[in-house]
Structures are given as structure tokens and as C-alpha cells.
Amino acid sequence: MRVLIATKALAVFDVLEEMEDVEHRQALFTGQIYDALSDVQLVIIDFEDVVEHPHALELIRRVFAEEEVVFASSADFLAEPDRWIDEARRKKGKLMRLPDKRVIGFTSYSGGTGKTTLALDTALHFARRTGRGVAIVEFTYGVSALHALTGLEMPHLFDLATQLDVEAARWKDVTLVPMDYKNCQDLPVDQLRRYLKEQIDIHVLTIIDSRWPHGLIGAAQREVDEWFVVATPRVDAVNNAKKLRDELGENKASIIINGKGRIVDSLALTGTERALDLPQLRQPDRFEGKLGKKLLSLAYGAKTWRRYEKGLIVRLRDRLTGRSTRS
């Protein structure tokens with residue numbers, strides 16, 4: 001039995017020390033709590049004692065709700081410690097190991113490479129496989145590609161960043177933040193940065209979909225862990241991708257070839273170092289996850305991401321088994 005202590009109340013430690021077969025550890029930073037959740041059965045937490053670093057407290061609350069984590073305040077636990085321990089023991093199964101928080105970006109010098117399609121397929125597949133919060137933030141100069149591909153009428157970045165009562169649209173469990181550049185270009189970058197940082201803090205995965213260069217990308221650039229430079233399999237597009245990768249830094253950017261299929265495509269790619277070749281799909285806008293699965297394997301590592309692909313099957317099986325048992 002493993003207990004996570006996220007409180008400064010020393011009496012909690014004293015009570016747990018007297019219990020047999022109960023291990024405990026303390027974590028007061030949101031990052032520590034997030035990382036420890038998959039290995040514990042009970043969380044004793046006083047939210048006012050928690051330090052919001054590096055994640056927002058709202059993210060922890062969301063995970064508690066989504067995973068049905070057994071948790072109690074120090075006061076509630078100390079009033080009935082045996083009851084809380086028994087309830088945690090009765091809880092079946094374990095939490096899926098939570099994905100590392102990441103910010104990835106799809107970018108290119110030109111449009112038409114499929115950045116937004118890849119961003120949506122990746123986000124939707126992530127949401128389906130992990131059940132965790134994911135957001136797409138768009139940096140464009142013209143019409144919103146997010147709007148075009150989803151067909152949704154939704155609030156744009158200017159209103160989201162300037163009006164507290166406006167919430168971002170959600171589409172199939174993905175938060176969408178489209179850009180209206182004509183309005184946003186007059187906003188201070190620091191104001192945009194604050195809003196985007198709030199979104200990054202409350203989502204496990206944040207995807208930046210950006211043209212390059214972009215006058216406002218400074219609002220998010222420092223947060224990006226890894227850039228994927230998207231190119232089509234043409235000599236000129238590949239050469240541009242190499243230049244952009246070098247501009248962003250090879251240690252932080254890699255090339256992805258989108259739509260590789262013909263024999264002539266291989267000739268255009270000769271001698272080009274890239275992280276991934278994505279196949280041509282007849283209907284990529286169906287967002288079935290065929291491309292997203294490959295991209296998430298690249299972003300998280302193939303071995304790590306396989307856990308989430310398998311994890312969905314385990315979670316569904318456990319839920320079905322639970323239903324049949326209760327019935």
C-alpha cells in the first residue's frame with residue numbers, strides 16, 4: 001500500500017508510521033505529485049500547501065477527477081485514517097502511468113505541408129489513448145487552418161487572451177486555440193505569453209502549429225521542447241526544411257517528411273537526415289490516428305508510447321470487467 005503525502009501536517013506522518021504494510025512519500029510540488037500518481041493508491045493532500053511548479057494545480061485536480069484518485073485532506077484523513085486506508089485498498093487496478101508533460105511544435109517556412117492536419121491527428125490520438133488534456137495553439141498570418149479543418153465557430157486567440165469569461169473551444173477532447181493575427185498583432189507579446197503559459201500549464205501535451213518565421217512566436221517559443229519541421233518530398237521543400245532545422249538548432253528540431261509515397265520521392269530525399277517519413281493517406285482529415293501514432297512514438301519514444309497504446313486496451317478491459325462484475 002503506497003500513500004502520497006502532499007501536506008505539511010506532521011501528524012499525518014506520525015499516523016502512517018504506525019501502520020503496517022503502508023509505504024509513504026512526500027511531494028509538495030505539482031510536478032512531483034503528477035509524476036508519483038501512477039505508483040500510489042491514496043493521496044493525502046492539502047491543496048493550500050501545494051507549490052504550483054512546474055504545473056498548474058488545476059492540472060492535478062483534473063487528473064484526480066479523470067482517474068478517480070482516492071484522496072483526502074489531512075483533517076479528513078486524521079479523523080478516520082483506517083477508513084481511508086481501507087477505501088484505497090478496495091480500489092481496483094492502478095492508474096495508467098501518466099505521460100510526461102511536453103510541448104511540441106509543427107512548423108515550416110511555407111504553407112501546404114500538412115502541419116495542421118498532423119497537429120490534429122496527433123492531438124486526437126493522444127486524447128484517445130491517454131485520456132489526458134491536450135491543446136493545439138495556432139500561429140498563422142491568414143485564415144485559421146484549425147477553423148477550416150474542423151468547421152467549428154470558435155473563439156480566437158485575441159478574445160481568449162483579453163477576456164476572462166471566454167473559454168477555448170474543445171473538439172473531441174482537444175482544446176483549440178486558433179489565431180486571428182490581425183487582432184493579435186496589436187497585443188503585447190507578454191500578454192499573449194501569459195495566456196499561452198496558462199494553457200500549457202493545464203494541459204499534459206500542448207502542440208504549437210506555426211508558420212516560420214512568425215511575428216508572435218516569441219510568446220511560445222521558449223516553452224517548446226521539440227520542433228518538427230514538416231516538408232513534402234520535393235527537393236526545394238527538403239532544402240528549406242534543412243535550413244529551418246539548422247535555424248532552430250539540430251538539438252531541438254528534426255525533419256519530418258509528410259506524404260512520401262512515390263519512387264521519385266526517395267530520389268528527392270537522398271542524403272537528407274530526417275526523423276520520420278509519413279505515408280500518403282487518401283483521407284488524412286478523417287483523423288484516424290495513423291499519422292498521430294507515429295508522431296507520438298517519435299515525441300515520446302517508441303517503447304514509451306507503446307505503453308499507452310496497450311494501456312487503452314487494459315483500461316477498456318478493466319472497465320468492462322468491472323461493469324460485468326457489478327451486474
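In this predicted model, 8 strands come together in an open sheet with mixed pairing, and reading across the sheet gives the order 7-8-6-9-5-10-11-12. The two ends of that row are strand 7 (169–171) and strand 12 (276–279), each with a single partner strand, so one side of each has no neighbour in the sheet. From one strand to the next, the twist averages 25°.

Strand 9 (residues 205–211) is a good place to start looking around. On one side, strand 6 is joined to strand 9 by 6 bridges, and the two run parallel. Two residue pairs help to trace this match: V134 sits opposite L205 in strand 9, and E138 sits opposite D209 in strand 9. Strand 5 is also tied to strand 9, this time through 7 bridges, and again the strands run parallel. Here S108 has R211 of strand 9 as its bridge partner. Is strand 9 largely enclosed by the rest of the structure or not, and how many of its residues are buried? Of its 7 residues, 6 are buried, so strand 9 is largely enclosed by the rest of the structure.

Helix 6 has a part in this picture too. Helix 6 packs on the sheet and touches strand 5 (102–108), strand 6, strand 7, strand 8 (174–177), strand 9, strand 10 (226–231), strand 11 (253–260) and strand 12. The direction of helix 6 makes about 175° with that of strand 9.

Between helix 6 (115–130) and strand 6 (134–139) runs a loop, and R132 is found there. Is R132 buried or exposed? With a relative accessible area of 3%, against a cut-off of under 20% for buried, R132 counts as buried. Setting aside residues up to four places away in sequence, R132 touches Y34, V63, E66, E67, L98, P99, F126, A127 and V204.

A further sheet is built from 4 strands, also open, in the order 2-1-3-4 and with parallel pairing. Strand 2 (23–26) and strand 4 (71–72) are its edge strands, and each of them pairs on one side only. Strand 3 (residues 42–45) and strand 4 run parallel and are joined by 2 bridges. One residue pair to look for is I44 with its bridge partner in strand 4, A72.

The loop between strand 3 and helix 3 (57–67) holds V51. In contrast to a buried residue, V51 is partly exposed, because its relative accessible area of 36% falls between the cut-offs of 20% and 50%. Apart from neighbours within four places in sequence, V51 is in contact with L28, F29 and T30. How far apart in space are V51 and Q191? They are 23 Å apart, C-alpha to C-alpha, and 140 residues apart in sequence.

Then there is the empty space. The second largest pocket holds about 370 Å³. It is lined by 18 residues, of which V166, E167, Y195, E198 and Q199 are the closest to its centre. Helix 8 (157–162) and helix 10 (189–202) each supply at least two residues of this lining. Which helix gives the largest share of the lining? That is helix 10, with 6 residues. Sorted by class, the lining of the second largest pocket comes to 7 nonpolar, 6 polar and 5 charged residues.

Notes:
Residues numbered from 1 in each chain as written. Predicted model: local features only at pLDDT ≥ 70, side-chain atom pairs only at ≥ 80, totals over all residues. Heavy atoms only, no water. Buried < 20%, exposed > 50% of the residue type's maximum accessible area, 1.4 Å probe, protein only. Contact = heavy atoms within 4.5 Å. Pairing = 2+ DSSP bridges. Axes fitted to C-alpha atoms, helices over the stretch in contact; angles between N-to-C directions. 1 Å grid on protein atoms, 1.4 Å probe; cavity = no way out; pocket = protein on both sides within 12 Å on 5 of 7 lines; lining within 4 Å. Points joined across faces, edges and corners; volume = space filled by probe spheres on them. Nonpolar A, V, L, I, M, F, W, Y, C, P; charged D, E, K, R; others polar.
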